[in-house]
Amino acid sequence: MRILVTGSTGHLGSALLNQLKGSDYKVKITSRKKPKGNEHFEWIYSDLFSGEGLEEAVKDVDVIILYKSE
């Protein structure tokens with residue numbers, strides 16, 4: 001299963017990625033800034049506010065875990 005995690009640089013996203021690290025899931029992460037220390041996951045640039053990069057981010061994923069802070 002391929003999972004996309006948005007908000008991967010925040011507190012909740014980081015905690016979730018710690019749980020997914022080492023799992024059998026293929027995890028893609030998306031954010032406006034490339035996170036440091038997440039070389040286990042594929043990173044895709046996207047901006048949830050403008051929509052830029054979202055098409056590429058959601059491509060070939062089965063599950064999207066969305067977290068958007070305001």
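Q: How many helices and strands are there in the protein?
A: The model is predicted. From the N terminus on, the elements follow one another as β-α-β-β-α-β. The protein therefore holds, by the DSSP runs, 2 helices and 4 strands.

Q: Which order do the strands of the open sheet have?
A: Strands of a sheet pair through backbone hydrogen bonds, in either the parallel or the antiparallel sense. In this open sheet of 4 strands the pairing is parallel. The order of the strands is β3-β2-β1-β4.

Q: Which strands stand at the edges of the sheet?
A: A strand with a single partner has one side left without a neighbour in the sheet. This applies to residues 42–45 and to residues 63–65, each of which forms such a strand. The edge strands are therefore β3 and β4.

Q: Which residue in β4 stands opposite leucine 4?
A: Strand β1 covers residues 2–6 and pairs with β4 in the parallel sense over 3 bridges. Opposite leucine 4, in β4, stands isoleucine 64.

Q: Which strands does helix α1 touch?
A: Helix α1, residues 11–20, packs on the sheet. Its direction makes about 155° with that of β1. The strands touched by helix α1 are β1, β2 and β4.

Q: What radius of gyration does the protein have?
A: The C-alpha trace spans about 30 × 25 × 20 Å along its principal axes. For 70 residues, a compact globule would have a radius of gyration near 11 Å, and the value for the protein agrees with this. The radius of gyration of the protein is 11 Å.

Definitions and conventions:
Residues numbered from 1 in each chain as written. Predicted model: local features only at pLDDT ≥ 70, side-chain atom pairs only at ≥ 80, totals over all residues. Heavy atoms only, no water. Pairing = 2+ DSSP bridges. Contact = heavy atoms within 4.5 Å. Axes fitted to C-alpha atoms, helices over the stretch in contact; angles between N-to-C directions. Rg over C-alpha atoms; globule rule 2.2 N^0.38 Å.
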